[in-house]
Amino acid sequence: PDLNLGTSDGASCSAAVSDALGQVCKAQQRYSWVLNGRFKGGYITRAYGQPAQGVEAVQLELAQHNYMDESLTFAWQPARASQLQPVLQQLIGALLAAGKR
C-alpha cells in the first residue's frame, strides 16, 4: 500500500486516533492504505505509545514511488510529492485533533 499506518494493533494509540486516521484515508481515492498491515509499528511506537496516559503513537510508512524515483538516481519528484502532501497534512491534522480529546 501507499500509506501504511501502524498502531501496534491498537495498543499504541486510542481508538479515536486510529478511527480519525482511517477516516482521512477512506475519504481520499488516490492512495491505497492499510492499518496494521505489514508495518504495525516499530520499537518507538510500541515502547512509547501509551494512550491511557495520553501518549499517542502511530507509525506511518510511505511507499517511495509517491515522492521519489525508485531507480538509481533516487531523485525527489516534486510533482508526486505535492500530490501526497495534502493527504499527509490531513493525517497530521486528524492525529492532533483526535489526540486532544
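User: Why is Ser18 called buried?

Analyst: Ser18 has a relative accessible area of 14%, and buried means under 20% relative accessible area, with exposed set at over 50% and partly exposed in between (1.4 Å probe, protein chains only), so Ser18 counts as buried. This is a predicted model, in which local features need pLDDT of at least 70 and side-chain atom pairs count only at pLDDT 80 or more, whereas totals for chains, interfaces and linings use all residues. Residues are numbered from 1 along each chain as its sequence is written, and side-chain values use heavy atoms, with hydrogens and water left out.

User: Where is Ser18 found, and which residues does Ser18 touch, not counting residues up to four places away in sequence?

Analyst: Ser18 is found in helix H1, residues 15-27, where helices (H or I, at least four residues) and strands (E, at least two) are DSSP runs numbered from the N terminus. With contact taken as heavy atoms within 4.5 Å, and with residues up to four places away in sequence not counted, Ser18 touches Cys13 and Leu35. Ser18 is one of the buried residues of H1, which include Val17, Ala20 and Leu21, and the buried residues of this helix pack against strand E1 (3-6), strand E2 (33-35) and helix H3 (78-99).

User: What makes Lys40 and Asp9 a salt bridge?

Analyst: The closest N and O atoms of Lys40 and Asp9 are 3.4 Å apart, and a salt bridge is a side-chain nitrogen of Lys or Arg within 4 Å of a carboxyl oxygen of Asp or Glu, so the pair meets the definition. Lys40 lies in the loop between E2 and helix H2 (43-48) and Asp9 in the loop between E1 and H1, so the pair ties together parts that are 31 residues apart in sequence.

User: Why is Asp9 called exposed, and why is Lys40 called partly exposed?

Analyst: Asp9 has a relative accessible area of 52%, which places Asp9 in the exposed class, whereas Lys40, with 38%, is partly exposed. Asp9 also has a phi near 55 degrees, a positive value in a residue other than glycine.

User: How many salt bridges does the structure hold, and how do you know that Asp69 counts as buried?

Analyst: The structure holds two salt bridges, and in one of them Asp69 pairs with Arg80, the closest N and O atoms being 3.0 Å apart. Asp69 lies in the loop between strand E3 (59-62) and H3, and Arg80 in helix H3, 11 residues apart. Asp69 has 19% relative accessibility and therefore counts as buried, while Arg80, with a relative accessible area of 30%, is partly exposed.
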